[in-house]
Amino acid sequence: MSISKLSHIMEMFRFGDRELSADDKKELVEEVLLMTLARATSADCNIDSVEVASVQGIIKDATGTEISEQDIRIAAISDLFKEASLKRYLSKIRSKIDVSDRQLVVSSLGKLIKVDGKVSPFEVDFFNEVVDALGLTPAEMAGLSEDTIKR
């Protein structure tokens, strides 16, 4: 799959109120996952091939989608970030994707951050910004959801 254009994310900024089909939502989640993980790899301005391989594996495990090294590198340095921050993009799309999809993005980011066995203060800050932008509560972060009470 080639998603280097990140078309669904761009569309959210142009037609943000439009309802998404199931396929569009799935592709948007994949793009958000790619953008978030790719951006995490470029945080130190040196995109290591081990990090790229980790992103490929995490996305494959999470969605079943194969992502090329080129797509990851393009997403990491995307011109999209010149127009708005990742935090702004994630805040914009959070109402378009389910809590479980937002949890997937955050848990995948956590896996990537821990892949080298070290967690820097910058990585913690980045993680917290992503969680905040996606609007996840502490309960949602822990995988807890309320059951509906049946009477």
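Guide: Helices here are DSSP runs of at least four residues in state H or I, and strands are E runs of at least two, numbered from the N terminus. In this predicted model, the protein has nine helices and zero strands.

Visitor: What makes H2 and H7 count as roughly parallel?

Guide: Helix H2, residues 22-41, packs against H7 at an angle of about 25°, the two axes being 10 Å apart. Because angles under 35 degrees count as roughly parallel, H2 is described as roughly parallel to H7. The crossing of the two helices is right-handed, and the residues that meet there include Val29, Leu33 and Leu37 in H2 and Leu104, Val105 and Leu109 in H7.

Visitor: Why is Lys111, in that helix H7, called exposed?

Guide: Its relative accessibility is 52%, and since the term applies over 50%, Lys111 counts as exposed. The C-alpha atom of Lys111 is separated by 9.8 Å from that of Leu37, although the two residues are 74 apart along the chain.

Visitor: How do you know that Arg102 has no salt bridge?

Guide: Arg102, which also lies in helix H7, has Glu140 as its nearest side chain of opposite charge, 4.9 Å away. Because a salt bridge requires a side-chain nitrogen of Lys or Arg within 4 Å of a carboxyl oxygen of Asp or Glu, that pair does not qualify, and Arg102 is buried yet has no salt bridge. Leaving aside residues up to four places away in sequence, Arg102 touches Arg94, Ile97, Leu134, Gly135 and Leu136.

Visitor: What makes Glu30 and Lys26 a salt bridge, and why is Glu30 called buried?

Guide: The N to O distance between their side chains is 2.6 Å, and because the limit is 4 Å, the two meet in a salt bridge. Both residues lie in helix H2, four residues apart, about one turn of the helix. Glu30 has a relative accessibility of 4%, and because buried means under 20%, Glu30 counts as buried, whereas Lys26, at 46%, is partly exposed.

Visitor: Why is the salt bridge of Lys87 and Asp132 said to tie together parts of the chain?

Guide: The closest N and O atoms of Lys87 and Asp132 are 3.3 Å apart, and the pair forms a salt bridge. Lys87 lies in helix H6, residues 86-93, and Asp132 in helix H8, residues 121-134, so the bridge ties together parts that are 45 residues apart in sequence. Lys87, at 35% relative accessibility, counts as partly exposed, and Asp132, with a relative accessible area of 46%, is partly exposed too.

Technical notes: Residues are numbered from 1 along each chain as its sequence is written. This is a predicted model: local features need pLDDT of at least 70, side-chain atom pairs count only at pLDDT 80 or more; totals for chains, interfaces and linings use all residues. Side-chain values use heavy atoms; hydrogens and water are left out. Buried means under 20% relative accessible area, exposed over 50%, partly exposed in between (1.4 Å probe, protein chains only). Lys and Arg count as positive and Asp and Glu as negative; His and the chain ends are not counted. Contact means heavy atoms within 4.5 Å. Axes are lines fitted to C-alpha atoms, for helices over the stretch in contact, and angles run from 0 to 180 degrees between N-to-C directions. Angles under 35 degrees count as roughly parallel, over 145 as roughly antiparallel, 65 to 115 as roughly perpendicular and the rest as oblique. A crossing is left-handed if the near helix is turned anticlockwise from the far one by less than a right angle, and right-handed if clockwise.
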